[in-house]
Amino acid sequence: MSDQHIIEGCIRHNRKAQQALWKQHSGFLLGICLRYATDRMEAEDMLQEAFLKIFFNIGEYSGTGSFRGWLRKVTVNTAITYYHKNLRHKHHVDIDEFVTIETGSEGFEEDFCTAEDLYRVLGELSPGYRMVFNLYTVEGYKHHEIAEMLKIDVNTSKSQYSRARAILRKKLEKLAELKKRYI
Amino acid sequence: MIIDERDNALEDLFRNKLEEPEVIPGDDLTRHFMRRLERKEFLRFNPSRFNVFYFTALAAAGATVAGMLLFSPPKNTLHQPEAYDSVTLSEMTIIPETMTGDKPADLSGSVGPDRKGAGPIIISNEPAPGREVVTERQTVISTTSHDTAEEAVLISKNEIASTATGLLRAAIETSTVAGCVPLSVNFRSIASGSFMTVWSFGDGGSSDEQEINYIYDIPGTYNVVLTVFDDKGHKAVSSSRIEVWPRPRASFEIHQPDGYLTENSIRFVNLSTGATQYLWDFGDGVSSGAFEATHRYEAYGRFDVMLVAFSEYGCADSVIVTDAFTDAGLYIRFPNALMPNTAGPTGGYYTARSDRANQVFHPVASGVTSYNLKIFSKQGVLVFESNDLNLGWDGYYKGQLCSPGVYIWKVRGSYRNGEPIVMSGDVTLLNY
């Protein structure tokens, strides 16, 4: 089934079409959810929420622009809603954000950083850092857009981003070093 | 201070690897979601499908028909609900299984964190203090399918390409897939034609051994990934899921009313956490499986009370209170020498202050409620008897100072908790 058929079927709430949509796109969307989640379970929760939204609001997809892009947008929005719902981390300005942050500039050897590793280090970040980092780096939003979406200050977004980046770099370098020693 | 430089290397890394990742959800998740969707759809108004509105209408119609039939012959009323039931049931059958047949690439389902199928859990009663050891005696061999593409939970597209070209295969053999923390797992790489092995244990640990014993000491679900390489640079990946269950913490308090042990029921207050099942052993051969227990002892004794707490996964923890009812405040002790006042009998009444010269033979005691002391000479003559703890022997018998030497004493009585006192010993009367 092509995307077009699937979309039409889903608008009619046709079960076959819904299953086909899940089958074709759940992998892609779970990959996104994993980036925003602490662990796989949380990601799977998010994925289900996202798909319910997709199935019940598929009529809103205008037909212009890529369908995958629309799916991604719905999923990212679900992740943001999820973040707000579980927001017990309002106190996000740490003291060490005002400490100089060393930023390395060396490249990474990609072999030592698998997608799985990246998911893991992302999962270890605090939810606020993770949101900002994902939205900025992977989704490509600007800081002022992120600030609006997450209802935070622009400067908070910027500082969380650079802090998250420093933490990630440190973790990945450590991981790579470990792997090098074993290989 | 905000630094807004860019870290291009890091950003590129994340963008390249995670922008279009494919992580295929497991069959369990798919089934679960489809059921959830079905429920949601059922609640939605949709004229072309059986849903809650039809169901309500049908139920109302059924009720009406049933109500009407109450006034007609009884055999019809019996028949009607049956027909109605069968209609609703067949219409409501949900759970579409059609999707599961041709699902690609997920190992998590086949290796199975299915704890119900994970075999019997044996609790060995090792005397480790305060802790039960739970061992799972089972060997589960993970997927033996030789299609590497099917074995990876998480494969990015370029990895699929490289595994498909080679004949390299990887599979993981684990000694167990689930157990209580700390969980020791033996991993073995079953790889054909590999020359390099890399393990990632899912908790940050890694190794390059063929066979390795790894201990997880934090509860959680870990995705173990085995990557093997051959000398041509081909690569195969296999993964397995290890579930490490948390251990409960057993804890309890004893609420013992004052008075004799045997006269009151004693309440045991359960303070355990993370447990769903409990086993009490009161130390007198009686046990209980209740959450909280009260118990009454038949006789005085030294009892070790034990509580074992089991979690829903069968992990256990235990706590033992030894000698639970021995009161440290209960004692009676006697000296072994006496130096009587030679000037005449003192009468035997004493206080701790008045008898600094050790002129009276008396015990140091606490918590004694009844008391009888008898002192005999070597000839067997009862030279002194007292039922009063405050009355000791001053070394005189019928007004005469006894001769120096060894005398035998015997005491009977009981403590306030009902524990009997039966003691005997000797005391030397000193010749100043």
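This passage describes the helices of chain A, the sheets of chain B, the nonpolar cores and several backbone exceptions in a predicted model.

Chain A is built from eight helices and has zero strands. Its elements run α-α-α-α-α-α-α-α from the N terminus. Of the 183 residues in chain A, 38% are buried. Among the contacts in chain A with a separation of 6 or more, 66% link residues 24 or more positions apart.

The largest nonpolar core holds 51 residues. Cys33(A), Met46(A), Leu47(A), Ala50(A), Leu118(A) and Val132(A) touch the most other members. Helix α2 (residues 15–36) of chain A supplies the largest share of this core, nine residues. Two domains of chain A, domain 1 (3–85) and domain 2 (95–182), each contribute at least three residues to this core. Another core, of 46 residues, lies apart from it. Its members include Leu226(B), Val237(B), Trp245(B) and Phe282(B). In soluble globular proteins, nonpolar side chains tend to be buried together.

Val132(A) has contacts beyond its neighbours within four places in sequence. These partners are Ile146(A), Ser157(A), Gln160(A), Tyr161(A) and Ala164(A). One of them, Ile146(A), is a buried residue of helix α7 (residues 143–150) of chain A. The other buried residues of α7(A) are His143(A) and Leu150(A). Viewed down the axis of α7(A), the buried residues fall within an arc of 60°, so they line one face of the helix.

Lys151(A) comes just after α7(A). This residue lies in the loop between α7 and α8 (154–182) of chain A. Its phi is near 60°, a positive value in a residue other than glycine. Lys151(A) counts as exposed because 9 C-beta neighbours lie inside 10 Å, and the limit for exposed residues is 12 or fewer. His13(A) also has a positive phi, of about 60°, although it is not a glycine. His13(A) sits in the loop between α1 (3–11) and α2 of chain A. With 18 C-beta neighbours inside 10 Å, His13(A) counts as partly exposed. Most residues other than glycine have a negative phi, and most peptide bonds are trans. In chain B, the peptide bond from Val181(B) to Pro182(B) is cis, with omega near -5°. Pro182(B) belongs to the loop between β5 (178–180) and β6 (183–192) of chain B.

Chain B contains an open sheet of five strands in the order β20-β27-β26-β22-β23, with mixed pairing. Its edge strands are β20 (337–338) and β23 of chain B, each paired on one side only. Strand β26 (residues 405–415) of chain B runs antiparallel to strand β22 (residues 368–376) of chain B, and eight bridges join them. Ser370(B) stands opposite Ser414(B) in β26(B). On its other pairing, β26(B) is joined by 10 bridges to strand β27 (residues 420–429) of chain B, again running antiparallel. Here Arg412(B) has Val422(B) in β27(B) as its bridge partner.

Four bridges connect β22(B) with strand β23 (residues 382–386) of chain B in the antiparallel sense. Phe376(B) is opposite Leu382(B) in β23(B). The two strands, β22(B) and β23(B), form a hairpin with five residues between them. In the turn, Gly380(B) has a positive phi of about 90°.

Leu373(B) is part of strand β22 of chain B. Its C-beta has 24 neighbours inside 10 Å, and Leu373(B) therefore counts as buried. Beyond residues up to four places away in sequence, Leu373(B) touches Glu385(B), Ser386(B), Trp409(B) and Val411(B). Leu373(B) and Lys410(B) are 37 residues apart in sequence, with their C-alpha atoms 5.8 Å apart in space.

An open sheet of three strands is also found in chain B. Its order is β12-β13-β16, with antiparallel pairing. The edge strands are β12 (252–255) and β16 (293–295) of chain B, and each pairs on one side only. From one strand to the next, the twist averages 20°. Four bridges pair β12(B) with strand β13 (residues 266–270) of chain B in the antiparallel sense. In β13(B), Asn270(B) is the bridge partner of Phe252(B).

How values were computed. Residues are numbered from 1 along each chain as its sequence is written. Chains are lettered from A and ligands numbered from 1 in the order in which they are written. This is a predicted model: local features need pLDDT of at least 70, side-chain atom pairs count only at pLDDT 80 or more; totals for chains, interfaces and linings use all residues. Two strands pair if DSSP finds at least two bridges between them. Axes are lines fitted to C-alpha atoms, for helices over the stretch in contact, and angles run from 0 to 180 degrees between N-to-C directions. A residue is buried if 20 or more other C-beta atoms lie within 10 Å of its own, exposed if 12 or fewer, and partly exposed in between; C-beta atoms are placed from the backbone. Two residues are in contact if their C-beta atoms, placed from the backbone, lie within 7 Å. A nonpolar core is a set of buried Ala, Val, Leu, Ile, Met, Phe, Trp, Tyr and Cys residues joined through C-beta atoms within 7 Å. Domain bounds come from an automatic or database domain assignment. The arc is that of the directions from the helix axis to the C-beta atoms.
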